[in-house]
Amino acid sequence: MSYLVSFHMGWLIGSLLLGFCMGWISVVQRGNGTSKVTARWLAVLVAGLVAASFAQVVPGRFGYWLDLGLVMFACYLVGCTIGAWLRDRVVSRSQPAA
Amino acid sequence: MQKLFRWASKWWLGLIPLAVMWGFAAWNNTVPVEADLSARSAAALKDTVLDKTRIAVDGRDISLAADAFSEEGRRDAVAAVESVPGVRLVDDRTRLVAEAKPFVWNAERDVVRVTLSGSAPLPAMKGRLTEAARKELGGVEVADQMGLARGAPPRFEAAAMLLLDQIGKLKDGKITISDSKVSLSGMARDLGGREAIAAALKNLPEGFAVAANDVKAPPYIFQAYKDPVAATVTLTGYVPDNDVHASIASSASRKFSEKIVDNLKASIGAPGSFNTAVVAALGALSRLSTGTLVVSDREVKLSGDALYEGAANDIRAGLGKDFPKAWQYKPEITVKPAAGPVDGSVCQQLFSELLGKGRIRFEAKRSTIDPDSAGLLDRLIETALRCPTTNIEVAGHTDSDGEDAFNRALSEKRAQAVIDYLVKAGLPADRFTAVGYGSTQPVAGNDTDVGKAQNRRIEFLVR
């Protein structure tokens, strides 16, 4: 894991920033998100991929790409969470003043 | 938490650019990751002993194929690659090097190169053996055709190194280690080489034994060349020791009136009865006008020109009897073309020259001619044949030791013995008269041994 992180640091920071932006936007964005059913299916899919990665059942380059994708996805989620949380704090602080 | 789920439901949009980034990252980094892991794995295997190592990388998975020399070495190699940071899976395709039974190693020498073949237990040892061979043979090509195998006997390297030291002493041949048995065959480079190899084999490491040592010694050569123009007899080749050397040198100086050029070297390895055979062969050479004697092991080759037909027959037929048993004698004797006739005064001059350079020798106090004088007598006969119309007085002289009557009788008997020799060689008896002067006509003082030796003589006087 540490090897993957150190070797792809640039890409992971990029994922983190992308997530941060998405999180920042998501707080104030209007409109519907994914339905609960779809979100569940997505969660199951990601859990399955994580399980496949830990079980090392995907061979060769595909296994490497899977690991890389999941690490980038994890960074994206972390970025989203931070972005959304910060935006939420900014929004909630500005509302009482208004 | 409710809020988080509400926000998260809108994050999926970012997955599209994330997927694009992922694609770029994979496209951009796959080859560098594989190259990096391959280099790190190779570095991790640097201290392990493997042969034919091949590392293939697929993503972060390593496929390691190699020949290992022990089960432990094999495990260590796989563990070393597994511990490389970043490696996900290791496909262990290592195998143990085949075990050789019997474990055979060869070193073969021919005219141009030394070939090392068979099996070596480790790659490093293979390199050391090749290097040792190069060092030992300095300049000779060394071909390494050794394979690698398990199953070498203990202390194999020490044994192989010792045997490589011996390959330098061979002209051609083969040295083999088969398990713990050592076999040698071929021809030693120098005289004494065979014995040196046999002595070195006593130092083989514990557990090794000599199964066969068929190293042959090179032929033991002795040569003598009689050159009538330079008036020299050149001795070359080998003699067994200094005693035999002295014996042959003194025998040669008695037999030849020419200057002896002694280039003999002492070396072991002479065949039995060497001294007897060489002295006999030198006697035959002394009777030739020009000739070459080659003694090779137990074979004697004598070629050259005898001074007259009778001498040629004598040399061809007689010498074989003088040789020890198991020796072969191969004479190639021709007869020197007869020199033109000369008158009596020239004949006298020739006799005086011959008897000035050499003396006819007899046994002490007896009239039996010493065989060493055969060469000189042949020359006297050849000269006598050139002036067939002359009569010759053969005069015997002694030193002053002993009674006069005895000396006179002895000198006459010796003169008669010489005439008998000449007649036996084919000269007419009526041309010769034997006269014994005893000690009445000394040519030097009788008070020294040198003077006495000069006084004991035979003279030829043309009448």
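**Figure 1. Burial and fold of chain A in the predicted model.** Of the 98 residues in chain A, 30% are buried. Chain A holds 4 helices and 0 strands, and its elements follow the order α-α-α-α from the N terminus. When contacts in chain A between residues at least 6 apart in sequence are counted, 81% of them link residues at least 24 apart.

**Figure 2. Contact between chain A and chain B.** Chain A supplies 31 residues to the contact and chain B supplies 25 residues. On the side of chain B that touches chain A, the elements giving two or more residues are α1 (2-8) and α2 (15-44) of chain B. The largest share of that side comes from α2(B), with 9 residues. By residue class, the side of chain B that touches chain A consists of 13 nonpolar, 6 polar and 6 charged residues.

**Figure 3. Parallel strands β2 and β3 of chain B and the helix between them.** Strand β2 (residues 61-68) of chain B runs parallel to strand β3 (residues 89-92) of chain B, and 4 bridges join the two. Within this pair, D92(B) in β3(B) is the residue opposite L64(B). Between β2(B) and β3(B) the chain passes through helix α3 (residues 71-82) of chain B. The resulting β-α-β crossover is right-handed.

**Figure 4. Open sheet of 3 strands in chain B.** The strands of this sheet are arranged in the order β18-β17-β19 (chain B), and their pairing is mixed. Strands β18 (432-436) and β19 (457-462) of chain B form the edges, each pairing on one side only. On average, neighbouring strands of the sheet are turned by 20° against each other, with direction ignored.

**Figure 5. Antiparallel pairing of β17 and β19 in chain B.** Strand β17 (residues 392-397) of chain B pairs with β19(B) in the antiparallel sense, and the pairing extends over 6 bridges. In this view V394(B) stands opposite F460(B), a residue of β19(B).

**Figure 6. Helix α12 of chain B against the open sheet.** Helix α12 (residues 404-424) of chain B packs on the sheet and touches β17, β18 and β19 of chain B. The direction of α12(B) makes about 160° with that of β18(B), which is one of the edge strands.

Conventions:
Residues numbered from 1 in each chain as written. Chains lettered and ligands numbered in written order. Predicted model: local features only at pLDDT ≥ 70, side-chain atom pairs only at ≥ 80, totals over all residues. Pairing = 2+ DSSP bridges. Right-handed = clockwise from strand over helix to strand, strands pointing away. Buried ≥ 20, exposed ≤ 12 C-beta atoms within 10 Å, placed from the backbone. Contact = placed C-beta atoms within 7 Å. Nonpolar A, V, L, I, M, F, W, Y, C, P; charged D, E, K, R; others polar. Axes fitted to C-alpha atoms, helices over the stretch in contact; angles between N-to-C directions.
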